Amino acid sequence: MRIIKTNGITDLVKIPGSGGWYYGIDCISGDLYEAEELYRDGHEICGNRLILLHHPEGSVVEPIPAREGRYFSNAVFSDGRICILLADFPAGMIRIFCYDMTTQAVELLTELPRTSLEDCYNLRLDTEPLMLTRSCADHFQIIWPERVDLRIGIRESFCFREDDRLYFSRWNEDADHDPEYWDEMVIRGYPTGEVLEVLPGTNWELPDGQQWVLQ
């Protein structure tokens with residue numbers, strides 16, 4: 001048994017395509033949206049921490065130090081680097097950083113004013129290419145690098161993008177159907193959002209970044 005020092009962060013998420021990297025966040029004020037609400041209500045936000053861990057050697061890196069009022073969301077792998085989403089509430093900015101696993105250098109890729117989006121509800125990084133996205137009820141939004149707002153079904157969740165095709169997972173429930181509960185993949189065109197194809201099955205993302213549909 002190996003002891004890996006993470007200073008209390010024990011919920012780790014694989015970063016597909018990164019070659020064995022995981023990220024972990026301590027959610028001391030809930031998720032990003034909950035932390036934003038607390039800040040709006042006048043509460044102090046103790047910045048949360050984000051760590052990166054590499055398997056198999058168990059090395060742990062904290063590429064961006066925690067700071068009061070700053071809150072991390074998720075991390076993804078894109079263009080050979082790990083990309084990290086960070087909201088800086090006092091500065092009123094949403095920032096995307098890139099971490100080079102070889103040189104350990106951190107680069108600010110882009111920053112957006114917080115006022116450029118309605119709120120941080122379901123705000124996250126997605127791929128591929130790298131995108132800042134937001135889902136709310138029956139809408140899916142791409143905030144960056146371009147701006148797109150699509151109407152989708154209320155039971156759809158975004159999975160990934162492949163060129164001009166957007167892949168969503170949709171769950172269905174019908175007591176008169178056999179089986180009563182089933183999943184589908186809804187493939188929509190980009191940027192119109194028109195439905196191109198519906199496939200039965202569930203999306204499964206492999207550690208190397210491949211996307212499979214399990215039927």
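**Aromatic rings, a pocket and unusual backbone angles**

In this predicted model, Phe-140, Phe-158 and Phe-168 form one aromatic cluster.

Me: At what angle do the ring planes of Phe-140 and Phe-168 stand, and how is the pair described?
Reply: A pair of aromatic rings is described by the distance of the centres and the angle of the planes. The structure holds nine aromatic pairs, and in the one made by Phe-140 and Phe-168 the ring centres are 5.3 Å apart. Planes over 60 degrees apart count as edge-to-face. Since the planes of Phe-140 and Phe-168 stand at 90°, the pair is edge-to-face.

Me: How many residues apart in the chain are Phe-140 and Phe-168?
Reply: Phe-140 belongs to strand β11, while Phe-168 belongs to strand β14, which covers residues 165-173. The pair therefore links distant parts of the chain, and the separation between its two members is 28 residues.

Me: Is Phe-168 buried or exposed?
Reply: A residue counts as buried when its relative accessible area is under 20%. Phe-168 has a relative accessible area of 0%, so Phe-168 is buried.

Me: How is the pair of Phe-158 and Phe-168 described?
Reply: Phe-158 lies in strand β13 and Phe-168 in strand β14, ten residues apart, and this pair too links distant parts of the chain. Phe-158 has a relative accessible area of 15% and is buried. The two ring centres are 5.4 Å apart and the planes are at 65°, so the pair is edge-to-face.

Me: Which arginine lies over the face of Phe-168?
Reply: An arginine is also found over the face of Trp-171, where Arg-155 lies at 5.7 Å from the ring centre. Over the face of Phe-168, at 6.0 Å from the ring centre, the residue is Arg-188.

Me: Which element gives the most to the lining of the largest pocket?
Reply: The largest pocket has a volume of about 1,100 Å³. Of the 50 residues that line this pocket, the closest to its centre are Asn-74, Val-76, Arg-124, Leu-125 and Asp-126. Among the elements that give two or more residues to the lining are β1, α1, β5 and β9. The element that gives the most, with eight residues, is β5.

Me: How many residues in the lining of the largest pocket are nonpolar?
Reply: The lining can be sorted by class into nonpolar, polar and charged residues. The polar class has 15 members and the charged class has eleven, while the number of nonpolar residues is 24.

Me: Where is the proline that is joined to Glu-128 by a cis peptide bond?
Reply: Most residues other than glycine have a negative phi, and most peptide bonds are trans. A cis peptide bond nevertheless joins His-55 and Pro-56, with omega of about 20°, and Pro-56 is placed in the loop between β3 and β4. Another cis peptide bond joins Glu-128 and Pro-129, with omega of about 25°. The place of Pro-129 is the loop between β9 and β10.

Me: Does Asn-122, with its positive phi, count as buried, partly exposed or exposed?
Reply: Asn-122 has a phi near 55°, a positive value in a residue other than glycine, and is found in the loop between β8 and β9. Asn-7, in the segment before β1, also has a positive phi, of about 55°, and at 67% relative accessibility Asn-7 counts as exposed. Because the relative accessibility of Asn-122 is 39%, Asn-122 counts as partly exposed.

Key:
Residues are numbered from 1 along each chain as its sequence is written. This is a predicted model: local features need pLDDT of at least 70, side-chain atom pairs count only at pLDDT 80 or more; totals for chains, interfaces and linings use all residues. Side-chain values use heavy atoms; hydrogens and water are left out. On a 1 Å grid over the protein atoms alone, a cavity is a set of points where a 1.4 Å probe fits but cannot get out, and a pocket is an open set with protein on both sides within 12 Å along at least five of seven lines; lining residues have an atom within 4 Å of a point. Grid points are joined across faces, edges and corners, and a volume is the space filled by probe spheres set on the points. Helices (H or I, at least four residues) and strands (E, at least two) are DSSP runs, numbered from the N terminus. Ala, Val, Leu, Ile, Met, Phe, Trp, Tyr, Cys and Pro count as nonpolar, Asp, Glu, Lys and Arg as charged, and the others, Gly among them, as polar. Buried means under 20% relative accessible area, exposed over 50%, partly exposed in between (1.4 Å probe, protein chains only). Rings of Phe, Tyr and Trp (its six-membered ring) pair if their centres lie within 6.5 Å; planes under 30 degrees apart count as stacked, over 60 as edge-to-face and the rest as tilted. A charge sits over a ring if NZ of Lys or CZ of Arg is within 6 Å of the ring centre and within 35 degrees of the ring normal.
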